[in-house]
Amino acid sequence: AFDRREWCYYNAMRSDAAGVSWLKRLRAGTFTTILYNHTTYAIYSSYEQQRDHPEYLACGPDGKPYAGYPAGRGMPRYTDPGFRAAAAAYMNKVFEAFPDLSAMSVGPPDGGIRMDARDVERYGTPGESLEQKTSRYVWEFHLFLAAELAKTHPGKRLIYMTGAGAREVPTTLARIPENLVVPLRGYSPAHRALESERRALALADGAWRPHRPPGQRAPVWNYFLWYRSPSHPRYPVIFTAALQEEMRDLAPVCDGKFIEIQPASIKQDGREVWRLNTPGLIHLMVYWQARLFWDPDQDRQPLLDEYYTLFFGPARDAMKGFYEFAEAVWTRQESRSVTETTGFLKPPDVDRYFELLARARADAGAGTVYDRRIARLEEEMQSLKQFFPSLKRTGPTFQAAVLDAAPAVDGDLAEYRGLAAIPLRDNWTGEAPASNGTEAVVALTPDRSALVVAVTCREDRMAHLKADCAK
């Protein structure tokens with residue numbers, strides 16, 4: 001049903017033969033090859049290009065180039081004639097180097113796009129938002145490239161890639177050229193299980209849908225990054241019904257997904273290698289997504305029952321109970337930000353997860369392949385036991401004094417003198433840094449209606465700061 005079934009976990013592709021083999025067994029792949037990424041880095045961001053072509057970089061009101069992301073890479077200026085010519089040359093060279101490529105993006109840097117301060121007033125009309133102006137700026141750059149591509153490579157297509165800060169439908173849009181593909185806005189399908197998120201994505205896609213050429217199906221970028229960082233709580237993210245609903249909705253307008261999935265770094269023979277991260281926790285959702293690529297209308301419950309039987313053997317019923325409970329928890333229509341008292345996850349849920357897994361391991365039989373599969377999932381979730389205890393505050397106490405007058409937000413901390421500053425500790429070491437430390441003072445306005453936090457950020461190399469944060 002979907003031509004594009006791409007899974008990407010970067011470094012791991014070079015060292016995770018087992019993970020790649022599993023994805024291939026799930027029939028991952030693509031019917032047509034595209035290049036869909038932040039490719040403008042190749043044009044403007046190297047040291048040599050920044051030295052030889054500073055005009056390629058977008059600048060702020062102070063005339064200095066934006067830091068970009070990662071910091072120091074800069075931000076491209078789409079209106080510069082030289083940059084435009086270089087972008088067209090790069091696009092043509094890529095299609096010449098890879099004749100089988102069907103489409104590519106000349107995509108912005110990771111983190112989004114910003115207009116050069118000199119260009120802001122040239123776009124849009126008074127009263128339009130900056131994002132609306134930036135969207136027009138990005139659109140016109142793509143119209144230029146699409147026209148160039150039509151001359152040099154008829155039949156090839158350009159993927160419209162806006163980045164954050166330019167996601168509005170441009171006010172100058174009349175029609176989308178046949179060789180320009182507007183993908184759906186990227187998202188995490190796990191969060192689409194929230195009705196508010198689903199509505200927002202439907203509105204974003206609905207604004208573009210009337211302008212797309214009839215029958216055109218575009219790619220979409222997905223994030224399966226729920227267990228990306230060790231600091232992320234390891235609750236199971238299960239949403240089989242919502243994922244099927246999503247794939248049915250996508251079928252008329254989407255040709256498939258480019259999915260980022262998290263890698264993990266491990267040590268092997270004394271060197272660092274990369275593997276697919278948390279395979280126990282992600283296993284079911286990757287399997288289910290792979291099946292939906294081929295048939296989004298298949299009968300969900302019989303397929304899941306088959307999965308529980310084949311993958312967990314005698315523990316089938318207990319694991320079915322585990323996943324159904326996990327899905328009920330994840331799809332609660334409550335905040336994903338969890339505190340001691342708010343959010344979708346509650347302290348009793350954690351105990352229930354591990355009770356169900358213990359019962360499943362007993363049913364599986366010690367040492368069996370089914371037991372090992374459940375044990376892996378259980379091991380990956382261990383840190384969840386410490387999640388709610390970790391939310392309990394254990395730091396030093398502090399007092400919020402009452403100020404004599406309401407403070408101005410002006411960077412002048414003189415009015416806070418006499419209050420005890422609290423040194424902030426380093427996230428990794430837990431200690432207050434010996435140099436370039438940060439301190440905070442907490443106070444109350446005279447009428448006690450507002451809490452005020454004043455922060456001092458020390459920096460011994462002020463001249464090297466990339467951004468002016470005085471405001």
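Let's start with how the chain folds back on itself: among contacts in the protein chain with a separation of 6 or more, 69% are between residues 24 or more positions apart. Keep in mind that you're looking at a predicted model.

**The whole chain**

The protein chain has 13 helices and 15 strands. Its C-alpha trace spans about 70 × 70 × 50 Å along the principal axes. Of the 471 residues, 45% are buried. What does the outside look like? The accessible surface comes to about 24,700 Å², and carbon and sulfur atoms account for 53% of that. As for charge, you'll find 59 positive and 59 negative side chains, and the centres of these two sets lie 3 Å apart.

**A four-stranded sheet**

Now look for the open sheet with the strand order β3-β4-β5-β6, where the pairing is parallel. Which strands stand at the edges? They're β3 (33-35) and β6 (180-181): each has a single partner strand, so one side of each is left without a neighbour in the sheet. Zoom in on β3 and you'll see it run parallel to β4 (residues 101-105), joined by three bridges. If you want a residue to click on, try T33, whose bridge partner in β4 is L101.

Two helices lie across strands of this sheet. Here's how they sit:

| Helix | Lies across | Angle |
|---|---|---|
| α4 (residues 81-97) | β3, β4 and β5 (157-159) | about 155° to β4 |
| α5 (residues 130-152) | β5 and β6 | about 160° to β5 |

**A hairpin further along**

For another kind of pairing, move on to β10 (residues 263-268) and β11 (residues 271-276), which pair in the antiparallel sense over six bridges. Within this pair, K267 stands opposite E272 in β11. The turn is short enough to count by hand: the hairpin has two residues between its strands. Look at D269 in this hairpin, which takes a positive phi near 55°.

**Helix α7 and its surroundings**

What about the inside? Helix α7 (residues 240-250) has a good set of residues to try: T240, A242, L243, Q244, E246, M247 and L250 are buried. What do these buried residues pack against? The list mixes strands and helices: β7 (184-187), β8 (218-224) and β9 (254-261), plus α8 (279-294), α9 (300-312) and α10 (316-330).

**Two residues to find yourself**

R209 lies in the loop between α6 (195-208) and β8. Is R209 buried or partly exposed? Its relative accessible area is 40%, so R209 is partly exposed, since that class runs from 20% to 50%. Leaving aside neighbours within four places in sequence, R209 is in contact with D249 and V253. You can also check R209 against L130: these residues are 79 apart along the chain, and their C-alpha atoms are separated by 23 Å.

The other residue is E355, found in helix α11 (residues 347-364). E355 has 45% relative accessibility, so it counts as partly exposed too. How far is E355 from P154? Their C-alpha atoms are separated by 60 Å, and the two residues are 201 apart along the chain.

Notes:
Residues are numbered from 1 along each chain as its sequence is written. This is a predicted model: local features need pLDDT of at least 70, side-chain atom pairs count only at pLDDT 80 or more; totals for chains, interfaces and linings use all residues. Side-chain values use heavy atoms; hydrogens and water are left out. Two strands pair if DSSP finds at least two bridges between them. Contact means heavy atoms within 4.5 Å. Axes are lines fitted to C-alpha atoms, for helices over the stretch in contact, and angles run from 0 to 180 degrees between N-to-C directions. Buried means under 20% relative accessible area, exposed over 50%, partly exposed in between (1.4 Å probe, protein chains only). Accessible areas come from the Shrake-Rupley method with a 1.4 Å probe; for residues, only the protein chains shown count as cover. Lys and Arg count as positive and Asp and Glu as negative; His and the chain ends are not counted. The place of a charge is taken as NZ of Lys, CZ of Arg, CG of Asp or CD of Glu.
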